[in-house]
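Thanks for making the time this morning. I would like to take you through one chain, starting at a single residue and working outwards from there, so please keep the view open while I talk.

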Amino acid sequence: MNDQITMTLNADRLLLQALQEDITSEDITTNSVMRGPAKGEVELICKQDGIIAGLLVFQRVFSLLDSQTTCTFFCKDGDRVQKGQRMAIVTGDIRVLLSGERVALNFLQRMSGIATYTRSVAELLKGSKTKLLDTRKTTPNMRIFEKYAVKVGGGYNHRFNLSDGILLKDNHIGAAGSVREAVRMAKEYAPFVRKIEIEVENLDMVKEAVEAGADIIMLDNMSPEQMKEAIAIIAGRAQTECSGNVTRENVEQLVDIGVDYISSGALTHSAPILDISLKNLHAV
């Protein structure tokens, strides 16, 4: 979502679906008080300290309703914003400003909340070699927006979808019969350019994964002590990832373990929204 081509190819369809969900036939409230076009403007106000993300998406919602709508921004994605800060002025047909308000804010609040939470977790890992990753635990049809927000907040994206990478989890291992067999079958099937990651839950599985030649070993729901033992067993022969109920409250316990990556579903499934409003609508 860094340019108009990406927006058009990946986001417009989803934004239109959100608008169609909110306006099935007409905005009866707006049409009752605005019987015709009238130019106006409204201010985008931050009501809570945080990290802003999704300004292009916010703007696009209005321009899909009316291409003449404009946004003048006083901040950019990734900026730290403060309660009471005026972040933008939106100008256009008052009917469009009213009808697009909720959908535009829903995207902006959700994305900014994720960026804010991600930044707070990423800052706890600052100075270590460990990178913070998201997961596929995203809101249906919101993944491109939520994963973008993670990046704005200072995190990194794990695989985007099931076509994007090989991650052998517990049920895949169960289907294959063993860690060794799951890795063997993945190596046989996958293009050679694909890395193979496997989830392990104990030290025996760690040893088997290393011997099978996994590229990345995910240490799932292990204690810090177990993970330190696992790192010693792996001894640099594979990249390492820590996963399992990682939140802002416990991530500091994992900093000194030495894993390459920490993945956290909480970045997307548990981040609260950032409170943002459109205020002071008036004709111009």
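**A walk through the predicted model**

Let me begin with Ala 235, which counts as exposed, its relative accessibility being 55%. What we have on screen is a predicted model, and everything I say should be heard with that in mind. Ala 235 sits in the loop between H9 and strand E10, the strand that covers 239–243, and its phi is near 50°, a positive value in a residue other than glycine. A positive phi also turns up at Asn 280, where the angle is about 65° although the residue is not a glycine. Asn 280, however, is found in a strand, E12, residues 276–283, and with a relative accessibility of 48% Asn 280 counts as partly exposed.

Now let me step back to the chain as a whole. The protein chain has 10 helices and 12 strands, and its C-alpha atoms fill a box of roughly 70 × 35 × 25 Å along the principal axes. Of its 284 residues, 48% count as buried. If we take the contacts between residues at least 6 apart in sequence, 70% of them join residues at least 24 apart.

That brings me to the interior. The largest nonpolar core has 80 residues, and those with the most contacts inside it are Leu 44, Phe 58, Phe 145 and Ile 198. Which element supplies the largest share of this core? It is helix H4, residues 94–122, which contributes 13 residues.

Staying with helix H4, I would point you to Ala 115, which is found in that helix and which, at 0% relative accessibility, counts as buried. Leaving aside neighbours within four places in sequence, Ala 115 is in contact with Ile 51, Ala 53, Ala 149, Val 152 and Gly 153. For one of these partners, Ala 53, the C-alpha atom is separated from that of Ala 115 by 6.4 Å, although the two residues are 62 apart along the chain.

Helix H4 also packs against helix H3, residues 55–65; their axes come within 8 Å and cross at roughly 155°, which makes H3 roughly antiparallel to H4. The crossing of these two helices is right-handed. On the H3 side the contact is made by Leu 55, Val 57, Phe 58, Val 61, Phe 62 and Leu 65, while the H4 residues that take part include Val 96, Gly 100, Ala 104, Phe 107 and Met 111. You will recognise Phe 58 here, since it was also named among the core residues with the most contacts.

A second helix pair is H8 with helix H9, residues 224–234, where the axes are 10 Å apart and the packing angle is about 20°. Are H8 and H9 roughly parallel or roughly antiparallel? At that angle they are roughly parallel. Leu 203, Val 206, Lys 207 and Val 210 of H8 make the contact with Gln 226, Glu 229, Ala 230, Ile 233 and Ile 234 of H9, and this crossing, too, is right-handed.

Let me close with the charged side chains. Side chains of opposite charge can pair when their charged atoms come close. The count here comes to 13 salt bridges, and I will pick out a few of them.

Arg 180 and Glu 211 meet through their side chains at 3.1 Å, N to O, in a salt bridge. Because Arg 180 lies in helix H7, residues 179–189, and Glu 211 in helix H8, residues 203–212, this pair ties together parts that are 31 residues apart in sequence. Arg 180 is partly exposed, at 39%, whereas Glu 211 counts as exposed, at 55%.

Within helix H7 itself, Arg 184 forms a salt bridge with Glu 188, and the closest N and O atoms are 3.3 Å apart. Those two residues are 4 apart in the helix, so about one helical turn separates them. Arg 184 is partly exposed and Glu 188 exposed, and together with Glu 181 they are linked in a network of salt bridges.

The last pair is Arg 95 with Asp 93, whose side chains form a salt bridge at 2.7 Å, N to O. Here Asp 93 counts as buried, at 13% relative accessibility, while Arg 95 is partly exposed, at 28%.

Definitions and conventions. Residues are numbered from 1 along each chain as its sequence is written. Side-chain values use heavy atoms; hydrogens and water are left out. A salt bridge is a side-chain nitrogen of Lys or Arg within 4 Å of a carboxyl oxygen of Asp or Glu. Buried means under 20% relative accessible area, exposed over 50%, partly exposed in between (1.4 Å probe, protein chains only). A nonpolar core is a set of buried Ala, Val, Leu, Ile, Met, Phe, Trp, Tyr and Cys residues joined through side-chain atoms within 4.5 Å. Axes are lines fitted to C-alpha atoms, for helices over the stretch in contact, and angles run from 0 to 180 degrees between N-to-C directions. Angles under 35 degrees count as roughly parallel, over 145 as roughly antiparallel, 65 to 115 as roughly perpendicular and the rest as oblique. A crossing is left-handed if the near helix is turned anticlockwise from the far one by less than a right angle, and right-handed if clockwise. Contact means heavy atoms within 4.5 Å.
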